Amino acid sequence: MTDLPEWKNEDNKLVRTTTFPSFMRAIQFVNAVAHLAERQDHHPDIHVQYHRVTIRYWTHTAKGVTDLDFSGAKEVEAMIALFKKEPVTY
C-alpha cells in the first residue's frame, strides 16, 4: 500500500475516491478505466456520483486483493493524475 498512498483497504478491497472538475471529465475517466479493465480482463467496481468517482478492486475468486488488483490500481492512479492535468475538451 506504500505505492498507493491514496488507496485504502476497506473490507479486503482496494478503494480510491477522487473528484474531477465536471461530470463529463469523470465519465471520460471512467471510460478510460473501462478500456484498461477490458485489456487486463479484470474489472473493478466503479461508482459515479456527479464528479466524484470511486474505484474498488478485488478478486472475487480469491475473496480479497491479489497482485492483479494492485496492478490495476497502479494504472488507475496514473490515469487519475493524467485526467486531472489535461485540459477538459468536449
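The strands of this predicted model form an open sheet of four, in the order β1-β2-β4-β3 and with antiparallel pairing. Because β1 and β3 stand at the edges with a single partner strand each, one side of each is left without a neighbour in the sheet. From one strand to the next the twist averages 25 degrees, where axes are lines fitted to C-alpha atoms, for helices over the stretch in contact, and angles run from 0 to 180 degrees between N-to-C directions. Strands (E, at least two residues) and helices (H or I, at least four) are DSSP runs numbered from the N terminus, and two strands are said to pair if DSSP finds at least two bridges between them.

Residues are numbered from 1 along each chain as its sequence is written. Because the model is predicted, local features need pLDDT of at least 70 and side-chain atom pairs count only at pLDDT 80 or more, while totals for chains, interfaces and linings use all residues, and side-chain values use heavy atoms, with hydrogens and water left out.

Two of the antiparallel pairings are set out below.

| Strand pair | Bridges | A facing pair of residues |
|---|---|---|
| β3 (residues 45-49) and β4 (residues 52-57) | five bridges | Asp 45 and Arg 56 |
| β2 (residues 13-19) and β4 | six bridges | Thr 19 and Arg 52 |

Both helices lie against this sheet: α1 packs on it, touching β3 and β4, with its direction at about 20 degrees to that of β4, whereas α2 touches β2 and β4 and makes about 5 degrees with the direction of β2. Contact here means heavy atoms within 4.5 Å.

In the hairpin of β3 and β4, which has two residues between the strands, Tyr 50 takes a positive phi near 55 degrees. Lys 8, in strand β1 (residues 8-10), counts as exposed because its relative accessibility is 51%; the classes are buried under 20%, exposed over 50% and partly exposed in between, with a 1.4 Å probe and protein chains only. Lys 8 and Arg 56 are 48 residues apart in sequence and 9.6 Å apart in space, C-alpha to C-alpha.

The largest nonpolar core, a set of buried Ala, Val, Leu, Ile, Met, Phe, Trp, Tyr and Cys residues joined through side-chain atoms within 4.5 Å, has 18 residues, and those with the most contacts inside it are Trp 7, Phe 29, Val 53, Ile 55, Tyr 57 and Val 76. At least two of its residues come from each of α1 (23-40), β4 and α2 (67-85), and α1 gives the most, with six residues. Leaving aside residues up to four places away in sequence, Val 76 touches Trp 7, Phe 29, Val 33, Leu 36, Ile 55 and Tyr 57.
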